[in-house]
Amino acid sequence: MLDEIAHSQPDQPVADASPLAGEARRLVYSVDGRNLVDNVDLALSATSLTVVMGPNGAGKSLLLRLMHGLIAPTAGEVRWGGQPMDVKLRARQALVFQRPVLLRRSVAANIRFVLKHRDNNSPERLQELLEEVGLADRAGQPARLLSGGEQQRLALARALAVRPRVLFMDEPTTSLDPASTASIESIVVRAHQRGVKVVFVTHDLGQARRLADDVVFLNRGRLVEHSSAARFFQNPESQAARDYLSGRLVLSS
Amino acid sequence: MHDFSEAFRLALQLLVTADADLLEIIGLSLRVSLSAVVVACLIGLPLGAFLAIARFPGRSALIVFANALMGLPPVVVGLFIYLLLSNAGPLGWLELLYTPTAMIIAQTVLIAPIVAALSREVVEQLYNEYAEQFRSLCLSRRQTVGALLWDARYSLLTVGLAGFGRAVAEVGAVIIVGGNIDHLTRVMTTAIALETSKGDLALALALGIVLVTIALSINAAVMTLRLTASRYAYA
């Protein structure tokens, strides 16, 4: 049902439905002279579900924010669909944060807030999104009184409300129980099946195996490896990735 | 001592019988201070929100300035507005001196910095939490300010109440620009000052009781708002 609507929206330019391939060129982000993201070259396909892995401090969240244009790179550039990153491109993307940032309003009002700003404030669309994330019976409740898993599902619904071509997920299930994690994953997979490019940061190897088409492995701000999931999990190229997969400690600094 | 208890009895009588003069004074007080709060909020809230989210050279200085203005002595504000509105002043042609409008202006000048400085603090705290999410959603500055003001609504209401509390209780500014004219610019605080100096303690006491009741009610309202807000996790 969502699929039909995604393709039948008349007020959106055709280009909005086109897939967006992402690209980072010699991307550097440094603070006080330290390169937290260090010369990263990356090409992301327009359709795959990309999982970004690496130890703490590897620069995963920073890379996500750079690719989404939330922070400006110290050097290098980010492109989507061949265009340099700008506000217009960011408006076609969405990011779900590790800790959901919910407005001090009801569940429905949190989604309506986004729909309103995207000129698509129809009750049907709201209902659809609520059902997509299983919160239809919670619509009137204060968003901040939801459980952790429900809050994250609401954040996800709000992200989907912008009809993103690219969906960034920054360790969204880190503090959630298995049932909530499974529910987040299935919503993300459904969105991906509808053609949304997903870039998913996770620490959880099981989750990475379940979701990934391709894996980006970072260590100490550098891109160590980018390969298909099958290849990465069976035969990783780098020592750091082999250590990480075998559960050995990979020290990031 | 006997005089005092007699005065107290008379005060209660004035209150219970809803004395016309008493009501007139209370009514004018509320009208002046509520108007001042509304105008101060119209100026102070957007200004506070702007200071909270904008980054420009001199921002810190402006914040320090606004914070310093919170402590403006009412008599100095009164004097300043008096100079502006007096016949020889630049706005003398408006002929506003010794009118309720002049009192509203003075109280607005007194509390607008309070509203701006406090709301800046409230909104900035919220913005720190929302900023990345809002940038991700590509909201314009106007949309951002609107959303922040709405989400901070409970805290901002208490800011407004704090401003009202200060306005309704001050005497220095309104007595200078209003002149404490009977049936025209006499408000609770100026009436208390005058009646006490005249020795008519009954009216002064009655007004004092009303003022204290208003102060208590404001505090109760603030407390209720906070409780309601936190119950719904809206604060």
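Let us start at strand E6 of chain A, where Gln93(A) and Leu95(A) point one way, Ala94(A) and Val96(A) point the other way, and all of these residues are buried. Please keep in mind throughout that this is a predicted model.

**The sheet of chain A**

E6(A) belongs to an open sheet of 6 strands in chain A, with mixed pairing and the order E6-E7-E8-E3-E9-E10. Which strands stand at the edges of this sheet? They are E6 (93-96) and E10 (222-228) of chain A; each has a single partner strand, so one side of each is left without a neighbour in the sheet. On average, and with direction ignored, neighbouring strands here are turned by 15 degrees against each other. Helix H6 of chain A, residues 148-160, packs on the sheet and touches both E6 and E7 of that chain. The direction of this helix makes about 170 degrees with that of E6(A).

Moving inward from the edge, E6(A) pairs with E7(A) in the parallel sense over 4 bridges. Within this pairing, Ala94(A) has Leu167(A) of E7(A) as its bridge partner, while Val96(A) stands opposite Met169(A) of E7(A).

E7(A) covers residues 166-170 and also runs parallel to E8(A), residues 197-201, to which it is joined by 5 bridges. Here Val166(A) has Lys197(A) of E8(A) as its bridge partner, and Asp170(A) is found opposite Val201(A) of E8(A).

Is E7(A) mostly covered or mostly open? It is mostly covered, with 5 of its 5 residues buried. The burial applies to both faces: Val166(A), Phe168(A) and Asp170(A) lie on one side, Leu167(A) and Met169(A) on the other. Asp170(A), the residue opposite Val201(A), is thus one of the buried residues of E7(A).

**A buried loop residue**

Ala212(A) sits in the loop between helix H8 (205-211) and strand E9 (214-219) of chain A. Why does Ala212(A) count as buried? It has 23 C-beta neighbours inside 10 Å, and the cut-off for a buried residue is 20 or more. Apart from neighbours within four places in sequence, Ala212(A) is in contact with Leu49(A), Val51(A) and Ala229(A). The C-alpha atom of Ala212(A) is separated by 9.3 Å from that of Val199(A), and these two residues are 13 residues apart along the chain.

**Two helix pairs**

Two packed helices are described by the angle between their axes and the distance between the axes. Here is one pair from chain A and one from chain B.

| Helix pair | Crossing angle | Axis distance |
|---|---|---|
| H4(A) and H5(A) | about 125 degrees | 10 Å |
| H2(B) and H6(B) | roughly 115 degrees | within 10 Å |

In chain A, helix H4 spans residues 107-117 and helix H5 spans residues 123-132. Their angle makes H4(A) oblique to H5(A), and H4(A) passes H5(A) in a right-handed crossing. From H4(A), the contact is made by Ala108(A), Ile111(A), Arg112(A) and Leu115(A); from H5(A), it is made by Arg125(A), Leu126(A), Leu129(A) and Leu130(A). By class, this contact has 6 nonpolar, no polar and 2 charged residues.

In chain B, helix H2 covers residues 20-53. H2(B) and H6(B) are roughly perpendicular to each other, and their crossing is right-handed. H2(B) brings Leu45(B), Pro46(B), Ala49(B), Phe50(B) and Ile53(B) to the contact, and H6(B) brings Thr144(B), Val145(B), Leu148(B) and Leu149(B). The residues of this contact divide into 8 nonpolar, 1 polar and no charged.

**Where the chains meet**

Finally, let us look at the interface. Between the two chains, 15 residues of chain B are in contact with 18 residues of chain A. On the chain B side, helix H5 (100-136) and helix H6 (141-151) each supply at least two residues. Which element gives the largest share of that side? It is H5(B), from which 6 residues come. By class, the side of chain B that touches chain A has 8 nonpolar, 3 polar and 4 charged residues. H6(B) therefore appears in two settings: it is roughly perpendicular to H2(B), and it supplies at least two residues of the side that touches chain A.

Methods: Residues are numbered from 1 along each chain as its sequence is written. Chains are lettered from A and ligands numbered from 1 in the order in which they are written. This is a predicted model: local features need pLDDT of at least 70, side-chain atom pairs count only at pLDDT 80 or more; totals for chains, interfaces and linings use all residues. Two strands pair if DSSP finds at least two bridges between them. Axes are lines fitted to C-alpha atoms, for helices over the stretch in contact, and angles run from 0 to 180 degrees between N-to-C directions. Two residues are in contact if their C-beta atoms, placed from the backbone, lie within 7 Å. Angles under 35 degrees count as roughly parallel, over 145 as roughly antiparallel, 65 to 115 as roughly perpendicular and the rest as oblique. A crossing is left-handed if the near helix is turned anticlockwise from the far one by less than a right angle, and right-handed if clockwise. Ala, Val, Leu, Ile, Met, Phe, Trp, Tyr, Cys and Pro count as nonpolar, Asp, Glu, Lys and Arg as charged, and the others, Gly among them, as polar. A residue is buried if 20 or more other C-beta atoms lie within 10 Å of its own, exposed if 12 or fewer, and partly exposed in between; C-beta atoms are placed from the backbone.
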